[in-house]
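Student: Could we walk through this model together, one question at a time?
Tutor: Gladly! Have a look at it, and then we can begin.

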Amino acid sequence: MSLLNAMLGSPIKLEISGRATPIRGLLIDVGPDIIVVNDGSKYLYLPILHIQKLEEDDSSESVTSEGEVEQLFDHTEISYRKTVMNAKGVFTEVCITGTQSLHGYITSIMNEYFVFFSPVHRTVYVSLQHVKIIIPYAPDQTPYYLNRERFPLQPPSITLARTFEQQMKKLVGELVALDLGDNPGKIGLLKSMDNQLVELIGPDGR
């Protein structure tokens, strides 16, 4: 990561997969599989897997000062998995596509995925490979400014499998929404799971 280490403390502009607009900020930290960017108002933890392009930003829009943004996670020997572990139980925004975000907190972390509780979507199983950005909330903030009593910090009642595919098999016979239900064709009764193929029954019974 010597190329990125040379840019530490510099304003950068980067593009991530699925997002139309670039991200601008100061490069704060670099790990083997994740970087940390301060955009002037919050810290963004970005897995390197989804970075399409990264360059120094010398435009008038570049961020030049960290201001008073509080650093919430420990950056000692930072890595993607350690960042996810640090985020457990912390109110967080998780961007899973270029346009879709979840707001809530991580309740459990398994081998290939984690369980996320959202006041809107309730329990969501998120593949670690799908996460584009992790953004912790300020300590005094909650999603949608709801009372903390609305978010009991407890793991889901369902028994969790080690892998994402095994967890999907546990949900056979349940109503599911894949990719947050953005596509109506990905909402339905999970009938079967065969290797990496999912069989859903839609609302019309097909």
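Tutor: One definition will help us later: a salt bridge is a side-chain nitrogen of Lys or Arg within 4 Å of a carboxyl oxygen of Asp or Glu. Please also keep in mind that this is a predicted model.

Student: With that rule in hand, how far apart are the closest N and O atoms of Lys 186 and Asp 179?
Tutor: Side chains of opposite charge can pair when their charged atoms come close. The rule asks for a nitrogen and a carboxyl oxygen within 4 Å. Lys 186 and Asp 179 form a salt bridge, and their closest N and O atoms are separated by 2.6 Å.

Student: Is Asp 179 buried, partly exposed or exposed?
Tutor: Buried means under 20% relative accessible area and exposed means over 50%. Asp 179 sits in the loop between strand E11 (175-177) and strand E12 (187-194). Its relative accessible area is 40%, so Asp 179 is partly exposed.

Student: And which class does Lys 186 fall into?
Tutor: The limits are again under 20% for buried and over 50% for exposed. Lys 186 has a relative accessibility of 31%, and therefore it counts as partly exposed.

Student: What is the phi of Leu 180, roughly?
Tutor: Leu 180 lies in the loop between E11 and E12, where Asp 179 is also placed. Asp 179 is not a glycine, yet its phi is positive, at about 55°. Leu 180 is not a glycine either, and its phi is positive too, at about 60°.

Student: How many salt bridges are there by this rule?
Tutor: Two further pairs show how the rule works. Lys 42 and Asp 39 meet through their side chains at 3.1 Å, N to O, while Lys 191 and Glu 199 do so at 3.7 Å. By this rule the count comes to seven.

Student: What is the relative accessible area of Lys 191, the partner of Glu 199?
Tutor: Start with the other end of the pair: Glu 199 has a relative accessibility of 36% and counts as partly exposed. Lys 191 is partly exposed as well, with a relative accessible area of 47%.

Student: Let's turn to helix H2 (residues 80-87). Why do its buried residues line one face?
Tutor: The buried residues of H2 are Tyr 80, Thr 83, Val 84 and Ala 87. Seen down the axis of H2, these residues fall within an arc of 100°, so they line one face of the helix. The general background is that an α-helix has 3.6 residues a turn, so residues three or four places apart point the same way. The value to remember for H2 is therefore the arc of 100°.

Student: Which strands do the buried residues of H2 pack against?
Tutor: Follow the buried residues, which include Tyr 80 and Ala 87, to the strands they contact. The partners are strand E3 (34-38), strand E4 (43-47), E6, strand E7 (101-109), strand E8 (113-118) and strand E10 (133-136).

Student: Which element supplies the largest share of the largest nonpolar core?
Tutor: That core has 20 residues, and Tyr 45, Phe 114, Phe 116 and Val 126 touch the most other members. At least two residues come from each of E3, E4, H2, E7, E8 and strand E9 (122-127). The largest share, three residues, comes from H2.

Student: How many residues does the other core have?
Tutor: This core lies apart from the largest one. Its members include Leu 4, Ile 16, Leu 46 and Cys 95, and it has 16 residues.

Student: Is Thr 92 buried or exposed?
Tutor: Thr 92 belongs to strand E6 (residues 92-95). Beyond four places away in sequence, Thr 92 touches residues including Ala 87, Leu 102, Phe 116 and Ile 134. Its relative accessibility is 1%, so Thr 92 counts as buried.

Student: Which backbone oxygen does the side chain of Thr 92 reach?
Tutor: A polar contact needs N or O atoms within 3.5 Å. The side chain of Thr 92 gets to 2.6 Å from its partner, the backbone oxygen of Val 90.

Student: Finally, how far apart in space are Pro 22 and Leu 54?
Tutor: Pro 22 is in the loop between strand E1 (11-16) and strand E2 (23-30). In sequence, Pro 22 and Leu 54 are 32 residues apart. In space, C-alpha to C-alpha, Pro 22 and Leu 54 are separated by 9.4 Å.

Notes
Residues are numbered from 1 along each chain as its sequence is written. This is a predicted model: local features need pLDDT of at least 70, side-chain atom pairs count only at pLDDT 80 or more; totals for chains, interfaces and linings use all residues. Side-chain values use heavy atoms; hydrogens and water are left out. Helices (H or I, at least four residues) and strands (E, at least two) are DSSP runs, numbered from the N terminus. Buried means under 20% relative accessible area, exposed over 50%, partly exposed in between (1.4 Å probe, protein chains only). A polar contact is a pair of N or O atoms within 3.5 Å; within protein, one must be able to donate a hydrogen and the other to accept it, and residues adjacent in sequence count only if both atoms are side-chain atoms. Contact means heavy atoms within 4.5 Å. The arc is that of the directions from the helix axis to the C-beta atoms. A nonpolar core is a set of buried Ala, Val, Leu, Ile, Met, Phe, Trp, Tyr and Cys residues joined through side-chain atoms within 4.5 Å.
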